[in-house]
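Thank you all for coming; I would like to walk through one structure this morning, moving from its open spaces to its interior and then to a few points in the backbone. Please have the sequence and the model in view as I go.

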Amino acid sequence: MMKNKWSRYFRETLGATAVVFALIIPVVVGSAGMAIDVANAYMVKQRLSHAIDAAALAAAAMGGTNATAKVTSFFNQNYPEEKIGATYGLTVTVSGQNMTVTAQADYDTTFGRFMGIDTITVTSSATVTREVLGLEVALVLDVTGSMSTNNNIGTLRTAATNFLNKLCPNTTCSSLVKIGIVPFATAVNVGPYGLGKNPNGTTYDTAFVNNPNNRSFNQSQSSQWWGCVLARSTPQDTQNSTSTWKWDMYRYTPGTAPNNGCNKSYILPLTGMKSTIQSRITGLQASGNTLSNLGMVWGYRVLSPEAPFREGAAWGEVKTKKVALLMTDGDNNIGDTYSAYGPWSNLRLTDHDLDVKLAATCENMKADGITIYTITFTSGINAATKNYFRNCASDASKYYDAPSQANLLDAFDRISRELSNIHLTN
């Protein structure tokens with residue numbers, strides 16, 4: 001009798017328990033499975049955050065307009081459609097130098113639906129500040145005759161323009177960004193500044209070129225001065241000399257062409273006037289031999305706070321980064337005619353001597369805290385020249401060999417991105 005009662009009790013109890021278990025199994029499974037869903041949702045958020053960060057940084061580094069289109073393109077590359085989590089609501093807000101990117105993603109749960117939770121929504125946001133602080137750049141550019149081959153001078157203009165637009169993405173440069181240009185060939189042309197004048201005829205500063213015959217800066221008349229100067233003697237032709245000695249005018253004496261070999265593209269002192277910088281880039285023209293050592297020493301002087309150009313910040317100013325970018329398409333070549341070192345018949349200099357002078361100039365500049373980037377352009381440059389340019393750079397990562405026009409554009413682009421100093425604020 002007792003055995004029958006216990007059997008009946010267990011049957012009734014188990015039946016009731018089965019009903020209870022049937023009711024709570026979805027809750028138990030859903031609760032346990034939610035841990036998996038939450039982990040997957042967290043993974044979706046991480047992937048979303050990474051895609052937003054990468055897109056914001058890349059788009060900010062490119063500068064220019066169409067920020068939304070650039071962000072969208074980079075975002076899609078970093079978060080393809082096949083990844084779990086459906087993204088939407090990508091928004092881009094630009095305020096001054098700040099770019100904020102926000103997006104959402106929905107993760108469809110596997111276990112949470114047992115508890116009535118079908119979707120987990122995650123949101124991510126990033127703000128990128130594009131900030132270039134106290135940047136002074138001297139673009140020391142080869143404008144020799146060989147640059148006319150295959151319109152390489154046109155590619156240089158494009159590369160320099162892209163560089164300018166990266167550092168000055170708006171219609172004007174930041175008040176803390178200055179760019180100067182030093183074209184070089186057989187000599188360096190200091191323009192009207194050598195006579196103490198601005199291009200518009202107003203006073204620039206004290207004249208730093210000797211003018212015993214009272215010539216004017218006039219590139220439309222061969223009898224006047226086109227702006228090129230002679231080099232100083234060794235070792236002053238590798239130094240940022242602060243002496244008050246003036247430079248002598250370049251005057252090719254034979255015949256009626258005293259400016260023969262003087263490239264008309266002249267120096268632009270450091271300035272933040274974007275339109276002026278662009279105008280000088282557009283006006284670059286190719287002629288003359290390659291004396292890159294003289295281009296570099298005048299880049300040194302453009303970055304200097306002392307005369308003849310005084311636009312540079314003080315040496316050692318920690319909030320200002322001084323940069324020289326030296327680019328050439330050929331080996332140093334003293335030539336067999338008149339140059340910045342005077343008549344060829346009087347010379348005791350060789351092409352190798354110019355290489356040595358370049359090396360000395362680079363070391364002097366680095367000692368004064370100038371960061372140097374160098375580029376050798378086209379495949380006709382010999383290994384010795386490449387080594388001089390590699391050693392001239394502040395480190396190996398700042399030397400670029402660009403055998404093609406596409407490589408030259410890429411080199412300028414990569415350098416400008418590095419100088420742009422992009423950083424994530426949150």
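Let me begin with a term: a pocket, as I use it here, is an open set of grid points with protein on both sides within 12 Å along at least five of seven lines, and its lining residues are those with an atom within 4 Å of a point. I should also say at once that what you see is a predicted model.

With that in mind, which residues lie nearest the centre of the second largest pocket? They are Ala207, Phe208, Ser243, Thr244 and Ala307, out of a lining of 14 residues. The volume of this second largest pocket is about 210 Å³, and its lining is mixed in character, with six nonpolar, four polar and four charged residues.

The enclosed space gives another picture. The count comes to one cavity of 30 Å³ or more, and the largest cavity holds about 30 Å³ of space. Its lining consists of Ala187, Val188, Val229, Leu230, Ala231, Leu294, Trp298 and Ala340, which by class makes eight nonpolar residues, with no polar and no charged ones.

Trp298, which we have just met in the cavity lining, takes us to the interior. In the largest nonpolar core, which has 87 residues, Trp298 is among those that touch the most other members, together with Met296, Met327, Ile375 and Phe412. Setting aside its neighbours within four places in sequence, Trp298 is in contact with Val182, Val188, Val190, Phe208, Val229, Trp247, Ile267, Pro308 and Phe309. You will recognise Phe208 in that list from the centre of the second largest pocket, and Val188 and Val229 from the lining of the largest cavity. There is also a second, separate core of 23 residues, which includes Phe75, Ala103, Ile120 and Val128. As a general remark, nonpolar side chains in soluble globular proteins tend to be buried together.

For the protein as a whole, there are eight helices and 12 strands, and buried residues make up 46% of the 426 residues. If we take the contacts with a separation of 6 or more, 72% of them are accounted for by residues 24 or more positions apart.

One helix deserves a closer look, namely H4, which covers residues 274-282 and in which Lys274, Ile277, Arg280 and Ile281 are buried. Seen down the helix axis, these buried residues of H4 fall within an arc of 130 degrees, so they line one face of the helix. What do the buried residues of H4 pack against? Their partners are helix H3 (152-167), strand S5 (177-184) and strand S8 (268-271). The face turned away from the buried side carries Ser275 and Thr282, both exposed.

Let me now set two serines side by side. Ser292 lies in helix H5, residues 292-303, and counts as buried because its relative accessibility is 1%, with the limit for that class set at under 20%. Beyond its sequence neighbours up to four places away, Ser292 touches Phe184, Leu326, Asn332, Leu358 and Phe389. Ser125, by contrast, is in strand S3, residues 119-130, and is partly exposed, with a relative accessible area of 39%. Leaving aside neighbours within four places in sequence, Ser125 is in contact with Ile52, Thr100, Val101 and Thr102. Ser125 and Ala56 are 69 residues apart in sequence, while their C-alpha atoms are 9.8 Å apart in space.

Finally, the backbone. Most residues other than glycine have a negative phi, and most peptide bonds are trans. Where, then, is the peptide bond from Thr234 to Pro235 placed, given that it is cis with omega near 0 degrees? Pro235 lies in the loop between strand S7 (228-229) and S8. A cis peptide bond also joins Ala307 and Pro308, with omega about 10 degrees, and Pro308 is found in the loop between H5 and strand S9 (321-328).

As for positive phi, Asn214 has a value near 55 degrees and lies in the loop between strand S6 (188-189) and S7, where it is exposed, with a relative accessible area of 67%. Thr378 has a positive phi of about 80 degrees and is found in the loop between strand S10 (371-377) and helix H7 (383-392), yet at 17% relative accessibility Thr378 counts as buried.

Key
Residues are numbered from 1 along each chain as its sequence is written. This is a predicted model: local features need pLDDT of at least 70, side-chain atom pairs count only at pLDDT 80 or more; totals for chains, interfaces and linings use all residues. Side-chain values use heavy atoms; hydrogens and water are left out. A nonpolar core is a set of buried Ala, Val, Leu, Ile, Met, Phe, Trp, Tyr and Cys residues joined through side-chain atoms within 4.5 Å. Buried means under 20% relative accessible area, exposed over 50%, partly exposed in between (1.4 Å probe, protein chains only). Contact means heavy atoms within 4.5 Å. On a 1 Å grid over the protein atoms alone, a cavity is a set of points where a 1.4 Å probe fits but cannot get out, and a pocket is an open set with protein on both sides within 12 Å along at least five of seven lines; lining residues have an atom within 4 Å of a point. Grid points are joined across faces, edges and corners, and a volume is the space filled by probe spheres set on the points. Ala, Val, Leu, Ile, Met, Phe, Trp, Tyr, Cys and Pro count as nonpolar, Asp, Glu, Lys and Arg as charged, and the others, Gly among them, as polar. Helices (H or I, at least four residues) and strands (E, at least two) are DSSP runs, numbered from the N terminus. The arc is that of the directions from the helix axis to the C-beta atoms.
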